[in-house]
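Ready for a few exercises? Have a look at the structure, try each task yourself, then read through the solution.

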Amino acid sequence: MAKPLSLEKILFSQGFGTRRYCSDLVYAELVKVNGILAEDPDERIPTENLQLEVDGESWEFHEKAYVAFHKPVGYECSHKTSHHPSIYGLLPQPLVERGIQCVGRLDHDTTGLILMSDDGQFIHRMTTPKKNIGKVYQITTADDLTEGQIQHLLKGVVLDDDPKPCFAKACVQRSSRVLEMTIVEGRYHQVKRMMAAVGNHVAQLHRLSIGEYHLPADLAEGEWRWLYPDDLKQLSVSLADS
């Protein structure tokens with residue numbers, strides 16, 4: 001069981017500002033701990049199942065942040081964007097302040113599931129091909145799919161920057177122009193380049209799942225939610241691994 005921490009340190013760890021500012025939040029009577037108004041920033045608080053309220057906003061304590069986000073079209077997965085707004089602008093400021101990062105990126109015109117965390121080891125485990133964690137994309141193609149194109153994807157295609165072929169782990173055709181493709185690697189623009197290599201073109205791209213964790217049906221575009229231990233198990237990663 002985690003040792004109790006001072007309220008000031010708890011607020012600081014959650015991204016609510018500098019330690020001095022976090023103390024000032026308490027002195028200004030803007031912090032509640034499990035529904036009770038806090039008075040002393042140095043009070044030591046058990047963190048298990050801790051519920052905070054900071055300046056009227058509810059906040060669950062998480063020692064490390066693990067988040068699922070439904071990326072909308074037209075946003076970049078970067079703090080320093082080139083031509084489009086950043087997805088970080090859609091997140092609560094405390095998450096941004098504590099250094100949350102994307103676990104891999106999606107292109108600005110790609111939608112769907114993206115994971116985010118401030119746990120560097122977790123990010124590494126989720127992005128290394130050695131873990132063999134599949135990612136399922138729903139691809140809408142510009143032209144009708146052929147059986148030959150699908151077989152080519154499964155057997156492997158060579159991209160122009162690497163002689164080593166990359167493979168689709170699985171392909172499920174949903175309609176004449178909709179394919180669900182599972183990949184393990186995460187090369188630059190990989191899905192789009194794989195489709196181009198077999199003579200087709202991606203018109204729309206949406207990530208459905210990572211591991212056994214599927215984008216929740218009730219998670220709207222631009223929204224996020226915490227991931228809990230049961231969710232991480234679906235990702236084939238446990239908190240003990242990270």
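**Exercise 1.** Find the residues that form a positive surface patch, and work out how exposed Arg19 is.

*Solution.* This is a predicted model, so start by picking out the patch: Lys3, Lys9, Arg19 and Arg44 form it. Next, locate Arg19, which sits in helix 2, residues 19-27. Now check its cover: Arg19 has a relative accessibility of 38%. Buried means under 20% and exposed means over 50%, so Arg19, at 38%, counts as partly exposed.

**Exercise 2.** Now go for the opposite charge: which residues gather in a patch of negative charge on the surface, and is Glu39 buried or exposed?

*Solution.* The patch brings together Glu29, Glu39, Asp40, Asp42 and Glu43. Zoom in on Glu39: you'll find Glu39 in the loop between strand 3 (36-37) and strand 4 (44-45). Its relative accessible area is 66%. The cut-off for exposed is over 50%, so Glu39 is exposed.

**Exercise 3.** Count the disulfides, then explain what keeps Cys166 out of one.

*Solution.* The count is zero. To see how that works for Cys166, look for the nearest cysteine sulfur: it belongs to Cys171 and lies 12 Å away. A disulfide needs two cysteine sulfur atoms within 2.5 Å, so Cys166 is in no disulfide. Turn it around and Cys171 is in no disulfide either, with the sulfur of Cys166 as its nearest, 12 Å away.

One last step is the cover on each cysteine. Cys166 has a relative accessible area of 0%, so Cys166 is buried. Cys171 comes out at 19%, and because buried means under 20%, Cys171 is buried too.

Technical notes. Residues are numbered from 1 along each chain as its sequence is written. This is a predicted model: local features need pLDDT of at least 70, side-chain atom pairs count only at pLDDT 80 or more; totals for chains, interfaces and linings use all residues. Side-chain values use heavy atoms; hydrogens and water are left out. Patches are made of residues with over 30% relative accessible area and no salt bridge: like charges are joined within 9 Å, nonpolar side chains (Val, Leu, Ile, Met, Phe, Trp, Tyr) within 5 Å. Accessible areas come from the Shrake-Rupley method with a 1.4 Å probe; for residues, only the protein chains shown count as cover. A salt bridge is a side-chain nitrogen of Lys or Arg within 4 Å of a carboxyl oxygen of Asp or Glu. Lys and Arg count as positive and Asp and Glu as negative; His and the chain ends are not counted. The place of a charge is taken as NZ of Lys, CZ of Arg, CG of Asp or CD of Glu. Helices (H or I, at least four residues) and strands (E, at least two) are DSSP runs, numbered from the N terminus. Buried means under 20% relative accessible area, exposed over 50%, partly exposed in between (1.4 Å probe, protein chains only).
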